[in-house]
Amino acid sequence: MTPQFDRPPKVTFAFTETCNQECRHCYADCSRTRKRRELSTEEWLKLIDYLAENGVIQTYIEGGEPLHRPDFLEILRHVSRRMMTLLRTNGTLIDAAMARRLKRARVGHVLVDLMGCRAETHDWFAGVTGSFTRACAGVRNLVEAGIKTDVLTILNRRNAGEMQAILELAHGLGAERVGVLRLYPLGQVKHRWSDLALSLDEQMAVIASLKPPVGLRLMQSWHPRDRNCCWQSATVNAYGDSIGCPYLREYVNFGNVRDTPFMEIWDRDPLYRTLRAGEVESSCSTCDANEGSRGGCRSAAYAFRGRWDAADPFCPTLNNGVDLRVLPDWVFQAKPRAPA
């Protein structure tokens with residue numbers, strides 16, 4: 001049975017929607033300057049203290065690019081005194097000096113995005129020439145500073161033929177693990193879906209072909225590891241909105257922490273409670289056995305089937321004929337549901 005929490009054990013901070021890159025695959029539609037008023041340094045510090053006092057033990061910080069905000073190290077130093085900390089970054093701002101600063105700030109784990117095994121591929125996604133070289137250097141600098149470091153990549157048509165080489169590159173850079181992630185229909189990706197999306201059979205073939213080098217761990221979220229993580233998920237975006245999960249950013253808004261304490265939002269919203277309960281219409285027993293949760297990803301299920309309790313079509317057991325290369329028209333007009 002899916003565990004039931006009365007408070008989240010971990011919270012993701014979608015810390016900023018600014019970035020030093022112009023990624024063609026950006027889920028958050030980031031820009032170099034703020035589009036509207038993000039949470040201030042003081043507001044983040046107060047939220048961190050509040051969450052720690054309410055039993056949150058881990059935070060996962062992503063963006064945008066967290067290091068693009070000048071107050072990031074201050075925030076990191078504060079949160080790392082109270083919680084376990086993970087950071088997702090494009091890596092391009094991490095020179096040797098910054099890696100040492102991150103180590104002194106006691107970051108627990110850093111995950112660096114690499115979208116290809118060569119500059120031509122990665123820089124096309126990043127939209128900035130030289131990003132591949134700087135990202136690879138960032139991984140090396142983190143490893144040399146003694147920080148646990150993973151590489152993340154998003155499987156799609158443009159880089160599918162490079163997946164094995166990405167694993168080998170990451171191993172050579174000193175990464176401990178590679179996470180091969182799905183493509184989600186959010187932000188910029190929606191408008192390139194027909195060019196980037198693979199069929200489920202194509203995705204599963206790539207995953208099945210991967211052979212991690214000795215000493216490198218592979219993380220992937222396809223069958224038999226389709227995971228419904230809504231039962232434990234909590235996310236606050238750059239503007240203070242409680243959105244459950246970064247992959248739900250275009251579909252839900254449970255309330256804003258500027259107006260309502262986070263735990264009240266967590267407790268009161270009926271959809272949030274439903275998603276955490278893992279109430280789904282069908283599930284894959286093999287994935288259940290591996291992950292201890294049911295029905296796969298709620299964001300993917302909702303995007304392709306329009307129902308919160310639908311099955312995750314990225315699982316071959318549950319797909320039932322959904323062509324993952326074709327997005328439903330409504331997704332292009334999706335707006336976050338208003339808080340209850």
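Biologist: What volume does the second largest pocket have?
Modeller: We're looking at a predicted model, where local features need pLDDT of at least 70, side-chain atom pairs count only at pLDDT 80 or more, and totals for chains, interfaces and linings use all residues. Residues are numbered from 1 along each chain as its sequence is written, and side-chain values use heavy atoms, with hydrogens and water left out. A pocket here is an open set of points on a 1 Å grid over the protein atoms alone, with protein on both sides within 12 Å along at least five of seven lines. Grid points are joined across faces, edges and corners, and a volume is the space filled by probe spheres set on them; for the second largest pocket that is about 300 Å³.

Biologist: Which residues lie nearest the centre of that second largest pocket?
Modeller: Its lining (residues with an atom within 4 Å of a point) divides into 7 nonpolar, 2 polar and 8 charged residues. For those classes, Ala, Val, Leu, Ile, Met, Phe, Trp, Tyr, Cys and Pro count as nonpolar, Asp, Glu, Lys and Arg as charged, and the others, Gly among them, as polar. Of the 17 residues in the lining, the ones nearest the centre are Glu17, Arg36, Arg249, Glu250 and Pro336.

Biologist: How much space lies in the largest cavity?
Modeller: A cavity is a set of points where a 1.4 Å probe fits but cannot get out, and there are 2 cavities of 30 Å³ or more. Leu155, Trp193 and Phe314 are among the residues lining the largest cavity, a lining with 8 nonpolar, 2 polar and no charged residues. The space in the largest cavity is about 60 Å³.

Biologist: And how many charged residues are in the lining of the second largest cavity?
Modeller: That cavity holds about 30 Å³, and its lining includes Cys230, Tyr272 and Arg276. By class there are 6 nonpolar and 2 polar residues, and the charged count is 1.

Biologist: How many degrees is the angle at which helix 2 and helix 3 pack?
Modeller: Helices (DSSP runs of H or I, at least four residues) are numbered from the N terminus; helix 2 covers residues 72-80 and helix 3 residues 96-104. Phe72, Leu73 and Leu76 meet Met98, Arg101 and Leu102, contact meaning heavy atoms within 4.5 Å. The axes, lines fitted to C-alpha atoms over the stretch in contact, are 9 Å apart, and the angle is about 30 degrees.

Biologist: What does that make helix 2 relative to helix 3?
Modeller: Angles run from 0 to 180 degrees between N-to-C directions. Those under 35 degrees count as roughly parallel, so helix 2 and helix 3 are roughly parallel.

Biologist: Which are the edge strands of the open sheet?
Modeller: Strands are DSSP runs of E, at least two residues, and two of them pair if DSSP finds at least two bridges between them. The sheet has 8 strands in the order 7-6-5-4-3-2-1-8, with parallel pairing. Each edge strand pairs on one side only, and these are strand 7 (217-220) and strand 8 (235-236).

Biologist: Which residue does a cis peptide bond join to Gly63?
Modeller: Most peptide bonds are trans. This cis bond has omega of about 10 degrees and its second residue is found in the loop between strand 2 (58-62) and helix 2. The partner of Gly63 is Gly64.

Conventions
Parallel < 35°, antiparallel > 145°, perpendicular 65-115°, else oblique.
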